[in-house]
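Let's take a friendly walk through a protein model together. Keep the sequence and the 3D view side by side, and look up each residue as we come to it.

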Amino acid sequence: ACKAVMAFFDPKDVPGWSGSTDWKGCREFLTSKGLLKQIKEYDVDNIKPIVLSRIQKFVNDPDFDPAQIANSSKMCMYLSMWVQAVNNYSKVMVKAVPLREKSAKANAELADVNQRLSEARSKLKAVQEKLKTLQINAENVKNQKEKLEQTVKQCRSRLRNAEQLSESLKSEGVRWEESIKTIEEAMKSLPLQIFFSSACMAYFAAFTPKFRKDLVDSWVLKAQERGIDIKSF
């Protein structure tokens, strides 16, 4: 068991050990100051292949059984158990290292994929924000378009009404002009109408109907002699 443990170390790393593997060398190795600490802190993850090759003759020996070794020395039993444990761990590590490398590679690829996914999500979010803005703008433009269409519709309706009113005013204008002419003509004879009306009111009351007729006929004759037509009164 002592020789198996000694196969893990270099003589220059163990104070007081000459490097010999005989009984004297075993005593030097086991009594070296700090040996227990060195065994506890041994880097079992980076054992050199040559070291593993050295211990195979011990771990494959049927007599290298901690239970049997315990009959001779408890200390040697623990040393043999440590050797076997390190050997088994190394065998597992031989299989585990490629798996670790694959796992590390897979994790790196996963991290890269996650990074690209995060970037893609950021870009998608930006596009969605732009799309949302465009939708809002489109809705606003649509509302403005509808308002403008409604305004145009109202303007067209008002224009039609204005055209109809304009046509109506044209015909009314003609009628008004005719009415004005008629009124102006009537205004010319108005003083004469007032005069004859006043004369009738002044003279008719005291005379007979025949005399009234004769009186009016004389007025008409006198007016005609002066070029005044009063028959249309």
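Sorted by class, the residues lining the largest pocket are 11 nonpolar, 4 polar and 6 charged. Before going further, keep in mind that this is a predicted model. The largest pocket holds about 420 Å³ of space. Its lining is made by 21 residues, and Ala7, Phe8, Phe9, Asp10 and Arg54 are the ones closest to the pocket's centre. Which elements give two or more residues to this lining? They are H1 and H4, and H4 gives the most, with 5 residues.

Now let's turn from the pocket to the core. The largest nonpolar core contains 26 residues, and the ones with the most contacts inside it are Val5, Phe8, Phe9, Phe29, Trp82 and Val83. Several helices take part: H1 (2-6), H2 (23-30), H3 (35-40), H4 (49-59) and H6 (74-203) each supply at least two residues of this core. Which helix gives the most to the core? That is H4, with 5 residues.

Phe9 is a good residue to select next. Setting aside residues up to four places away in sequence, Phe9 touches Val14, Trp17, Phe29, Gln38, Ile39 and Tyr42. One of these partners, Tyr42, leads us to the aromatic rings. The structure holds 6 aromatic pairs. Phe9 and Tyr42 form an edge-to-face pair, with 5.4 Å from centre to centre and 70° between the planes. Why does this pair tie together separate parts of the chain? Phe9 sits in the loop between H1 and H2, while Tyr42 sits in the loop between H3 and H4, so the pair joins parts that are 33 residues apart in sequence. Are Phe9 and Tyr42 buried or exposed? Both of them are buried.

Tyr42 has another ring partner, Trp82. The centres of the Tyr42 and Trp82 rings are 5.9 Å apart and their planes meet at 85°, so this pair is edge-to-face; the planes need to be over 60 degrees apart for that name. This pair, too, links distant parts of the chain, with Tyr42 in the loop between H3 and H4 and Trp82 in helix H6, 40 residues apart. Tyr42 counts as buried because its relative accessibility is 18%, and buried means under 20%. Trp82 counts as buried as well, because its value is 17%. If you highlight Phe8, Phe9, Trp17, Phe29, Tyr42 and Trp82 together, you will see a cluster linked by ring pairs.

Let's go back to the loop between H1 and H2, where Val14 lies. With a relative accessible area of 2%, Val14 is buried. Leaving out residues up to four places away in sequence, Val14 touches Phe9, Phe29, Ser32 and Gln38. Try finding Lys33 too: Val14 and Lys33 are 19 residues apart along the chain, and their C-alpha atoms are separated by 8.0 Å.

Our last stops are in helix H6, beginning with Ser90. Is Ser90 buried or exposed? Ser90 is buried, with a relative accessible area of 7%. Neighbours within four places in sequence aside, Ser90 is in contact with Ile47 and Leu52.

Follow helix H6 to Leu110, which also lies in this helix. Leu110 is partly exposed, because its relative accessible area is 47% and partly exposed covers the range between under 20% and over 50%. To get a feel for the distances here, pick out Leu110 and Phe29 in your viewer: these residues are 81 places apart in sequence and 49 Å apart in space, C-alpha to C-alpha.

Notes: Residues are numbered from 1 along each chain as its sequence is written. This is a predicted model: local features need pLDDT of at least 70, side-chain atom pairs count only at pLDDT 80 or more; totals for chains, interfaces and linings use all residues. Side-chain values use heavy atoms; hydrogens and water are left out. A nonpolar core is a set of buried Ala, Val, Leu, Ile, Met, Phe, Trp, Tyr and Cys residues joined through side-chain atoms within 4.5 Å. Buried means under 20% relative accessible area, exposed over 50%, partly exposed in between (1.4 Å probe, protein chains only). Helices (H or I, at least four residues) and strands (E, at least two) are DSSP runs, numbered from the N terminus. Contact means heavy atoms within 4.5 Å. Rings of Phe, Tyr and Trp (its six-membered ring) pair if their centres lie within 6.5 Å; planes under 30 degrees apart count as stacked, over 60 as edge-to-face and the rest as tilted. On a 1 Å grid over the protein atoms alone, a cavity is a set of points where a 1.4 Å probe fits but cannot get out, and a pocket is an open set with protein on both sides within 12 Å along at least five of seven lines; lining residues have an atom within 4 Å of a point. Grid points are joined across faces, edges and corners, and a volume is the space filled by probe spheres set on the points. Ala, Val, Leu, Ile, Met, Phe, Trp, Tyr, Cys and Pro count as nonpolar, Asp, Glu, Lys and Arg as charged, and the others, Gly among them, as polar.
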